[in-house]
Amino acid sequence: MKEELLVTFKSDLSRYSLEQLRYISEEGVWSIGQMYDHLLLVAHEYLDSVELCETSAAEGELAKSKFGEELFRNGGFPPVKIRLPDEMNEPPNNTDSQEKLISRMDALIERMARQESKVEEIAPNRKVQHGGFGWLNSKEWYELVGMHFRHHLRQKSELEGRCRHERNNPQP
């Protein structure tokens with residue numbers, strides 16, 4: 001399931017021109033390219049945590065936060081925009097080309113495939129703490145990648161709409 005979603009995101013990249021990838025419709029709104037950069041960076045952070053679970057000394061009944069419990073109970077993020085604190089909200093990179101983003105997606109898909117079988121081998125009581133979700137095991141960190149991509153589907157659709165609108169209604 002997660003891999004199919006990532007492949008869909010990757011194949012969608014071929015539909016965008018460089019101008020569309022980098023188009024910022026208004027201040028505070030990301031471009032499509034920035035959204036992809038964010039997704040890729042966060043996915044690799046989550047996968048780094050999968051690997052950290054392998055050697056984690058943190059074991060036992062370490063719990064998720066209330067939000068983390070709700071997130072996993074619901075199988076994903078709530079359908080709302082989430083704004084991180086300013087110190088964690090640096091705008092993502094907006095310079096990658098279509099080819100670069102496709103290459104980065106390929107690398108992520110390959111890493112996901114390599115880690116999928118490892119996740120089952122890591123003891124579920126070995127955990128790494130997430131700043132908002134509490135203590136997660138390797139399987140939960142791995143699942144978080146797909147949850148995060150699904151969470152951004154609505155944003156992706158909105159950004160694509162903004163690009164289409166601008167192309168059909170250029171400003172003088």
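Which residues is Phe 149 in contact with, leaving aside its neighbours within four places in sequence? Keep that in mind for the third stop.

**Before you start**

This is a predicted model, in which local features need pLDDT of at least 70, side-chain atom pairs count only at pLDDT 80 or more, and totals for chains, interfaces and linings use all residues. Residues are numbered from 1 along each chain as its sequence is written, and side-chain values use heavy atoms, with hydrogens and water left out.

**Whole chain**

Colour by secondary structure. The protein has seven helices and two strands. Helices (H or I, at least four residues) and strands (E, at least two) are DSSP runs, numbered from the N terminus. Read from that end, the order is α-α-α-α-α-β-β-α-α. Of the 172 residues, 42% count as buried. Buried means under 20% relative accessible area, exposed over 50%, and partly exposed in between (1.4 Å probe, protein chains only). Take the contacts with a separation of 6 or more: 82% of them come from residues 24 or more positions apart. Contact means heavy atoms within 4.5 Å.

**Stop 1: H3 against H5**

Select residues 32–55 for helix H3 and 98–121 for helix H5. Two packed helices are described by the angle between their axes and the distance between the axes. Here the angle is about 25° and the axes are 11 Å apart. That makes H3 roughly parallel to H5. Axes are lines fitted to C-alpha atoms, for helices over the stretch in contact, and angles run from 0 to 180 degrees between N-to-C directions. Angles under 35 degrees count as roughly parallel, over 145 as roughly antiparallel, 65 to 115 as roughly perpendicular and the rest as oblique.

Now show side chains. On H3, the contact residues include Gly 33, Tyr 36, Leu 40, His 44, Asp 48 and Glu 51. On H5, pick out Leu 101, Arg 104, Met 105, Leu 108 and Arg 111, among others. The contact of H3 with H5 divides into eleven nonpolar, three polar and seven charged residues. Ala, Val, Leu, Ile, Met, Phe, Trp, Tyr, Cys and Pro count as nonpolar, Asp, Glu, Lys and Arg as charged, and the others, Gly among them, as polar.

**Stop 2: H3 against H6**

Keep H3 and add helix H6, residues 138–151. The two axes come within 8 Å and cross at roughly 170°. H3 is therefore roughly antiparallel to H6. From H3, the contact takes in His 38, Leu 39, Val 42, Ala 43 and Tyr 46, among others. From H6, the residues include Trp 141, Tyr 142, Leu 144, Val 145 and Phe 149. This contact has twelve nonpolar, four polar and no charged residues.

**Stop 3: Phe 149**

Centre on Phe 149 in helix H6. Is Phe 149 buried or exposed? At 0% relative accessibility, Phe 149 counts as buried. Here is the reply to the opening question: leaving aside neighbours within four places in sequence, Phe 149 is in contact with Leu 5, Leu 6, Phe 9, Leu 39, Ala 43, Met 105 and Leu 108. Draw a distance to Tyr 36 as well. The two C-alpha atoms are separated by 9.4 Å, with these positions 113 residues apart along the chain numbering.

**Stop 4: two more residues of H3**

Go to Asp 48, also in helix H3. Asp 48 is partly exposed, at 37% relative accessible area. Ser 138 is 90 residues away in sequence, yet 9.7 Å away in space, C-alpha to C-alpha.

Next, select Thr 55 in H3. Thr 55 counts as exposed, at 63% relative accessibility. Measure C-alpha to C-alpha from Thr 55 to Val 128: 9.8 Å, across 73 residues in sequence.

**Stop 5: the hairpin**

Select strand E1 (residues 127–130) and strand E2 (residues 134–137). The strands run antiparallel, joined by four bridges. Two strands pair if DSSP finds at least two bridges between them. E1 and E2 form a hairpin with three residues between them. Gln 129 has Trp 135 of E2 as bridge partner, and His 130 has Gly 134.

**Last stop: Ile 24**

Finish in the loop between helix H2 (18–22) and H3, where Ile 24 sits. Ile 24 is partly exposed, with a relative accessible area of 40%. Beyond its neighbours within four places in sequence, Ile 24 is in contact with Val 29, Ser 31, Gln 34 and Asn 94. Arg 162 is 138 residues apart from Ile 24 along the chain, and their C-alpha atoms are separated by 8.8 Å.
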